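Trainee: I would like a close look at one part of this model, the enclosed empty space inside it. Please take me through it step by step.

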Amino acid sequence: MKLAARVSQVTPSLTLAIAAKAKALKAEGIDVCSFSAGEPDFDTPAHIKAAAVKALDEGKTKYGAAAGEPKLREAIARKLKIDNGLDYKSENVIVTNGGKHSLYNLMVALIDPGDEVIIPAPYWLSYPEMVTLVGGVSVIVPTDATTGYKITPEQLRKAITPRTKLFILNSPSNPTGMVYTPDEIKALAQVIVDADILVVSDEIYEKILYDGAEHISIGSLGKEIFDRTLISNGFAKAYSMTGWRLGYLAGPVEIIKAASTIQGHSTSNVCTFAQYGAIAALESPQDCVEEMRQAFAKRRQVMLDRLNAIPGLSTAKPDGAFYLFPDISKTGLKSLEFCDALLGEHQVAVIPGIAFGADNNIRLSYATDMATIEKGMDRLEKFVKSRI
């Protein structure tokens, strides 16, 4: 069977593949310490689940508006105004099947074949694949530990060409956990305005911050940058709702209408009763978010201390999200070889940095229990010492 050429241009998700391999080993009874999954290990808070159950009991099981339940779109618009200083109305919001879907809808709506999309590396692995699927060109801008794995205004300016359509900003970052400071965001915003390009700010980890780090939504810095900004976000990380598949895209009405048209001919509306859980998440007290954040902070410190005590590994302290991104170059191994050997020899699952455009690094998620972290770090230390 001859498949479409675009399929051969896309790489299957390494994170999903390794997480699935770890789960398969566990199902066979093998004791695997998995640091691969990019999802909280907590259950969805009870009040959110109860709201979805109530919606089910009330018969909210039918088709809904393709762009989302009006009440949820209004709640998201309020959240963006209060939390992020973004003056959106419900017509500026579309509810999507997860944050990933919001970005894919945007690519389909915005990017023509040959259009360039600037992506700083390390990057979330699906960004360039989405660009490829719609015929765009990913312009990868490498960063390193000297700048905190963050793109500089000079790098961004240099990467812009007449074909540039979009810049992807992700703060807090997956995979590095780094957060752009307010001054860094302001400097990038000026470059974007000067070049008259668009920016999509992926803010899925905005609630998971540490040590006083501040999240600034780039569109809040003035009308000129607001008019050029789109916001991608969702409920998966902050509310531990990964399996609910609830995200959203906010931005200029013209783009949101286009995304709604695309969604109307692909998935149509997001699961109706699940959207009522999202409404409860936004309109209820946020104590559950803070409780999970505090747990992540403790785990971050334990894993960070253990990693930096291992000779041959070096790890910057992340300001957000729930990942560490250590440099493994002193082991003499590239990331895929490192990860395959670690899983095969010591039953520890981590993600190779090559998936994120950084082959000298690996990504570990500390969204797991403390006992697994301690045991996994013991195994990782033995593995690294055996290689150095």
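Before that, how far apart do the end C-alpha atoms of residues 31–380 lie, and what percentage of the span is helix and what percentage strand?

Mentor: This is a predicted model. The end C-alpha atoms of residues 31–380 lie 14 Å apart, and the span is 40% helix and 14% strand. Those residues are covered by a UniProt annotation from an unreviewed entry, "domain: Aminotransferase class I/classII large".

Now to the empty space. Rolling a probe the size of a water molecule over the atoms shows where such space is left. Searching the whole structure turns up four cavities of 30 Å³ or more. The largest cavity has a volume of about 110 Å³. It is lined by 13 residues, and those closest to its centre are Pro 120, Pro 122, Asn 170, Ser 173 and Tyr 180. Strand 3 (116–121) and strand 5 (164–170) each supply at least two residues of this lining. Strand 5 gives the largest share, three residues. Sorted by class, the lining of the largest cavity holds 10 nonpolar and three polar residues, with no charged ones.

The second largest cavity has a volume of about 70 Å³. Its lining includes Lys 79, Glu 206 and Lys 207. Also in that lining are Ile 204, Asn 233, Gly 234, Phe 235, Ala 238, Tyr 239, Tyr 248 and Leu 282. By class, the lining of the second largest cavity has six nonpolar, two polar and three charged residues. Charged residues are thus present in this lining, whereas the lining of the largest cavity has none.

Key:
Residues are numbered from 1 along each chain as its sequence is written. This is a predicted model: local features need pLDDT of at least 70, side-chain atom pairs count only at pLDDT 80 or more; totals for chains, interfaces and linings use all residues. Side-chain values use heavy atoms; hydrogens and water are left out. On a 1 Å grid over the protein atoms alone, a cavity is a set of points where a 1.4 Å probe fits but cannot get out, and a pocket is an open set with protein on both sides within 12 Å along at least five of seven lines; lining residues have an atom within 4 Å of a point. Grid points are joined across faces, edges and corners, and a volume is the space filled by probe spheres set on the points. Helices (H or I, at least four residues) and strands (E, at least two) are DSSP runs, numbered from the N terminus. Ala, Val, Leu, Ile, Met, Phe, Trp, Tyr, Cys and Pro count as nonpolar, Asp, Glu, Lys and Arg as charged, and the others, Gly among them, as polar. UniProt positions are given in the numbering used here, feature names are shortened, and annotations may be inferred rather than shown by experiment.
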